[in-house]
Amino acid sequence: MASVVDWALLDHTAKEPVQVGDMVSTEPGGMPIYRVVGLEPGRALLEDEQHAAPRAMPLAAFRWRGAVHAADF
């Protein structure tokens, strides 16, 4: 079964703009894409395929949130 990423504008005013497991990017489907592995106030602990250790980055740097969903192909 394949997976699909649904991209939506990140709502920075929401109580929880992202959740652990979401992906964030500056462009919808653009590179780089980071996976949220932890949260801090105003920041997310992110990992990508290029860096061995997760790093904290401000959520204000990102405009898009993606969530992976199974697709029936």
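**Salt bridges and a pocket, worked through**

At 31% relative accessibility, R55 counts as partly exposed, because buried means under 20% relative accessible area, exposed over 50%, and partly exposed in between (1.4 Å probe, protein chains only). This is a predicted model, so local features need pLDDT of at least 70 and side-chain atom pairs count only at pLDDT 80 or more, while totals for chains, interfaces and linings use all residues. Residues are numbered from 1 along each chain as its sequence is written, and side-chain values use heavy atoms, with hydrogens and water left out.

**Exercise 1.** Find which residue forms a salt bridge with R55, and say whether that partner is buried or exposed.

*Solution.*
- Step 1: apply the rule, a side-chain nitrogen of Lys or Arg within 4 Å of a carboxyl oxygen of Asp or Glu.
- Step 2: D48 fits, with the closest N and O atoms of the D48 and R55 pair 3.9 Å apart.
- Step 3: D48 has a relative accessible area of 16%, so D48 is buried.

**Exercise 2.** Work out how many salt bridges the rule gives, and what D22 pairs with.

*Solution.*
- Step 1: the count comes to 3.
- Step 2: D22 pairs with R65, the closest N and O atoms being 3.9 Å apart.
- Step 3: place the partners: D22 sits in the loop between strand 1 and strand 2, and R65 in strand 6 (residues 64–71), so this pair links parts of the chain 43 residues apart (strands are DSSP E runs of at least two residues, numbered from the N terminus).
- Step 4: check accessibility: D22 is buried at 9%, whereas R65, at 26%, is partly exposed.
- Step 5: another pair is R43 with E40, at 3.8 Å; R43 is partly exposed at 32%, and E40 is partly exposed at 40%.

**Exercise 3.** Work out what else D22 touches.

*Solution.*
- Step 1: set aside neighbours within four places in sequence; D22 is then in contact (heavy atoms within 4.5 Å) with Y34, R35, V36, R65, G66 and A67.
- Step 2: look at the backbone too: the D22 side chain reaches the backbone nitrogen of Q19 at 2.9 Å.

**Exercise 4.** Say which kinds of residue line the largest pocket.

*Solution.*
- Step 1: list the lining, namely M31, P32, I33, D48, E49 and Q50.
- Step 2: the term pocket means an open set of points on a 1 Å grid over the protein atoms alone, where a 1.4 Å probe fits, with protein on both sides within 12 Å along at least five of seven lines; lining residues have an atom within 4 Å of a point.
- Step 3: sort that lining into 3 nonpolar, 1 polar and 2 charged. Here Ala, Val, Leu, Ile, Met, Phe, Trp, Tyr, Cys and Pro count as nonpolar, Asp, Glu, Lys and Arg as charged, and the others, Gly among them, as polar.

Key:
Polar contact = N/O pair within 3.5 Å; in protein donor to acceptor, adjacent residues only side chain to side chain. Helix = DSSP H or I, 4+ residues; strand = E, 2+ residues; numbered from the N terminus.
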